[in-house]
Amino acid sequence: IIKRRCVKLNSSQTKQYMYRALELAKKGTGAVNPNPLVGAVLVKDNRIIGEGYHEKYGQLHAERNAIADCYRRGENPAGAELYVTLEPCCHYGKTPPCTEAIIENKIVKVYVGSNDPNPLVDGGGIAVLRAHGIEVETGILKQECDALNEIFFHYIRTKRPFVLMKYAMTMDGKIATVTGDSKWITGEAARRQVHEDRNRCAAIMAGVGTVIADNPMLNCRLPEGHSPVRIICDTSLRTPADSLVVTTAKEIPTILATCCTDKEKQKVFTDKGCKILEVSETYDKNGKKQLDLQDLCKQLGEQKIDSVLLEGGAALNGSALQAGIVSCVQTYIAPKIFGGQEAKSPVGGSGVKLACEAYEFEIKEIRRIGEDILIRSVPKKI
Ligand code: AOF
Ligand code: ZN
């Protein structure tokens, strides 16, 4: 029989440990997709005796890393309490169930942040622990823990990537001047934040128009960051063969999503290391052929791409909204005005005809970043 912990913690202390677990979980950002970000802290007598997080896709889960850390420190996990941001798993996946490690190491109580909607877990982890006489308290900092894994939760439920549409505009809603100049709209701090999102997402998506106009690299330029897979929406394979996304495809993967089935044309790109994804076609209101973005997302999901940062031009943004693939919109607003009748705004396409037909959103967060503002919003559920 394991002696119960002798120090009873109050709720502000338990929150402090869960905050620490959250902090640890975030260290896995960009390295664990399509798996969740998870952090774990082992506590005994109101003292941390082990810490861990899910560091890399396919490797040990946070709970096992925390237990290993505990032994490394010469501590004994028996009788300790575990704080974990996500319900421990109870299935044999790439690693054996974490519940087994918790039981074997005689941990007496587990504090859980989020429930795990993965059908292989889904409450089973908590049930197994309780069945073994381990006390489980759920919902500690649930909001924070849920927010941390918005990508994982969306992907595990829908098998489709979480599409984060991002654009930067002036106060008068322009993404470029009348001459097409757009460097820069926001300040350095906001542009850095975009690289955080590039690191966080498995893929980045742009339209072929952007590739032709700007020849962007679409990589992550944070020192420790990871560059997302680049997806170019290119209905009829017009991407220039000498564009950066093509010539660097052997270093950072590039996927050309296209309706073009001409193998000769495709070979130009596959020879340079690009991957071609043939996507079904659909037609816009004017009868113009375009990619079926629902089909594209389905295929990306099958390839384990759990998240897409959509840095499209106005046309692609319009199509993405219309196709209903957008999970979240991040709008950066710079305190500037460009003016000009012909200057582009973030969302093109044919738009809606009546105000009551608008795509509606719920604002989740408004943040000042340097001189700019970031608004995070999600589509309203009808
Ligand atoms: C993680 N890291 O720290 C925790 C996870 O692919 P597997 O076999 O490693 O299992 C992944 C599932 O395990 C994942 O979808 C989630 O439900 C659960 N917990 N996963 O990658 C972790 N705790
Ligand atoms: Zn696990």
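The legends below describe close-up views of a predicted model of a protein with a ligand.

**Figure 1. Overall view of the predicted protein.** The protein contains 12 helices and 16 strands. Its radius of gyration is 23 Å, close to the 21 Å given by the globule rule for 382 residues, so the protein is as compact as a globular protein of that length. The C-alpha trace spans about 75 × 45 × 40 Å along its principal axes. Of the 382 residues, 43% count as buried. Among contacts between residues at least 6 apart in sequence, 70% join residues at least 24 apart. The average pLDDT of the protein is 96, and 98% of the residues score at least 70. For the complex, the predictor gives an ipTM of 0.94 and a pTM of 0.94. Where pLDDT is low, the predicted coordinates should not be read in detail.

**Figure 2. The surroundings of ligand 1.** Ligand 1 is surrounded by 15 residues. The closest are N35, V38, H61, G93 and N118. By type, the shell around ligand 1 divides into 7 nonpolar, 6 polar and 2 charged residues.

**Figure 3. The span annotated as a deaminase domain.** An unreviewed UniProt entry lists residues 12-137 as "domain: CMP/dCMP-type deaminase". In the model this span is 33% helix and 22% strand. The C-alpha atoms at the two ends of the span lie 14 Å apart.

**Figure 4. The cis peptide bond before P34.** The bond from N33 to P34 is cis, and its omega is near 5°. P34 sits in the loop between helix 1 (11-26) and strand 1 (39-44).

**Figure 5. The turn region at D45.** D45 is placed in the loop between strand 1 and strand 2 (47-53). Phi of D45 is near 50°, a positive value in a residue other than glycine. D45 counts as exposed because it has 12 C-beta neighbours inside 10 Å, and a residue with 12 or fewer is classed as exposed.

**Figure 6. Helix 6 and what covers it.** Helix 6 is made up of residues 150-158, and I151, F152, F153, Y155 and I156 in it are buried. The cover over these buried residues includes strand 6 (162-170) and strand 13 (307-310). An α-helix has 3.6 residues a turn, so residues three or four places apart point the same way. After helix 6 comes K159, which has a positive phi near 60°.

**Figure 7. The cis peptide bond between K183 and W184.** K183 and W184 are joined by a cis peptide bond with an omega of about -5°. W184 belongs to the loop between strand 6 and helix 7 (188-200).

**Figure 8. L237 in its loop.** The loop between strand 8 (229-233) and helix 9 (244-247) holds L237. L237 is not a glycine, yet its phi is positive, about 55°. L237 counts as partly exposed because 18 C-beta neighbours lie inside 10 Å, whereas 20 or more would be needed for a residue to be buried.

**Figure 9. K285 and G349.** K285 is in the loop between strand 11 (281-283) and strand 12 (289-291). K285 counts as exposed, since it has 9 C-beta neighbours inside 10 Å. The C-alpha atoms of K285 and G349 are separated by 9.0 Å, and the two residues are 64 residues apart along the chain.

**Figure 10. Two residues of strand 15.** Strand 15 covers residues 361-369 and includes R367; I369 is also placed in strand 15. R367 is exposed because 11 other C-beta atoms lie within 10 Å. I369 has 17 other C-beta atoms within 10 Å and is therefore partly exposed. Leaving aside neighbours within four places in sequence, I369 is in contact with A189, A190, Q193 and L374. The C-alpha atoms of I369 and R192 are separated by 9.7 Å, with their positions 177 residues apart along the chain. For R367 and E81, 286 residues apart along the chain, the C-alpha separation is 36 Å.

Notes
Residues numbered from 1 in each chain as written. Chains lettered and ligands numbered in written order. Predicted model: local features only at pLDDT ≥ 70, side-chain atom pairs only at ≥ 80, totals over all residues. Near = placed C-beta within 6 Å. Nonpolar A, V, L, I, M, F, W, Y, C, P; charged D, E, K, R; others polar. pLDDT = per-residue confidence, 0-100. Helix = DSSP H or I, 4+ residues; strand = E, 2+ residues; numbered from the N terminus. Rg over C-alpha atoms; globule rule 2.2 N^0.38 Å. Contact = placed C-beta atoms within 7 Å. UniProt positions renumbered as here; feature names shortened; annotations may be inferred.
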